[in-house]
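Please walk through the structure below, starting from one short helix and moving outward to what surrounds it.

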Amino acid sequence: METAMEYGSIERELHIDASPEVVFEVLSSPEHIREWWSAETTAFEPAAGATARLTWTDRDTGRQQSAPFTIVEADPPRMFSFRWTYDETETETEAAGPGNSLLVTFELLPAGTGTTVRFRESGYRERGWEAAVLEATYDDHRQGWDFYLPRLVATADRVAAAR
């Protein structure tokens, strides 16, 4: 018997050989976001309510995809979360909220000399997408996070080793 996929949230837990302070810096600094997430970002303060924009550029075509984001919680070195929307039909002035964006949360827990990161991206069902769009978007994000989260680990490990 086949089980239906939930598509409610993407959750991962990872270990990083760096302190929570270093991991928070890597998550919330434009310089490091560029390195692990391959996105240019406008300057922002890692504080609740701050807004910025992420922009990815396809190296082969030069095509850019841009996504506004709003920081929901920034509690160094414990928590970093933001809402982002990348839907090209969204208006530039619409604030990211529960019905029009996805919520990304990084919970940072000390673990020996390193950090356990509990990652979660949620809000798929709340977007109100038809089933095919929901499934495709969820699968695209699942694959994306499975690519980028190991890069987060590598970047934080490198930053910690350089200190």
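**Helix α2 and its surroundings**

In this predicted model, Ser 38 has a positive phi of about 55 degrees and sits just after α2. The helix itself spans residues 30–37, and His 32, Ile 33, Trp 36 and Trp 37 are buried in it. These residues lie on the same side of α2 because the arc they cover around the axis is only 105 degrees. The cover over them includes two helices, α1 (20–28) and α3 (131–161), together with the strands β3 (51–57), β5 (79–84) and β6 (102–111).

Trp 36 shows part of this packing at the level of residues. Beyond its neighbours within four places in sequence, Trp 36 is in contact with Val 26, Leu 27, Phe 106, Trp 145, Tyr 148, Arg 151, Leu 152 and Thr 155.

Trp 36 and Trp 37 also belong to the largest nonpolar core, which has 42 residues. Both are among the residues with the most contacts inside this core, along with Ile 16, Trp 84, Phe 106, Trp 145 and Leu 152. Helix α3 supplies the largest share of the core, 9 residues. In soluble globular proteins, nonpolar side chains tend to be buried together.

The structure also holds 1 cavity of 30 Å³ or more, with about 60 Å³ of space in it. Which residues line this cavity? They are Leu 27, Ile 33, Trp 36, Trp 37, Leu 54, Phe 69, Phe 80, Phe 82 and Phe 106. Helix α2 gives the most to the lining, with 3 residues, and β5 supplies at least two. By type, the lining has 9 nonpolar residues, no polar and no charged.

Technical notes: Residues numbered from 1 in each chain as written. Predicted model: local features only at pLDDT ≥ 70, side-chain atom pairs only at ≥ 80, totals over all residues. Heavy atoms only, no water. Buried < 20%, exposed > 50% of the residue type's maximum accessible area, 1.4 Å probe, protein only. Helix = DSSP H or I, 4+ residues; strand = E, 2+ residues; numbered from the N terminus. Arc of directions from axis to C-beta. Contact = heavy atoms within 4.5 Å. Core = buried A, V, L, I, M, F, W, Y, C linked by side-chain atoms within 4.5 Å. 1 Å grid on protein atoms, 1.4 Å probe; cavity = no way out; pocket = protein on both sides within 12 Å on 5 of 7 lines; lining within 4 Å. Points joined across faces, edges and corners; volume = space filled by probe spheres on them. Nonpolar A, V, L, I, M, F, W, Y, C, P; charged D, E, K, R; others polar.
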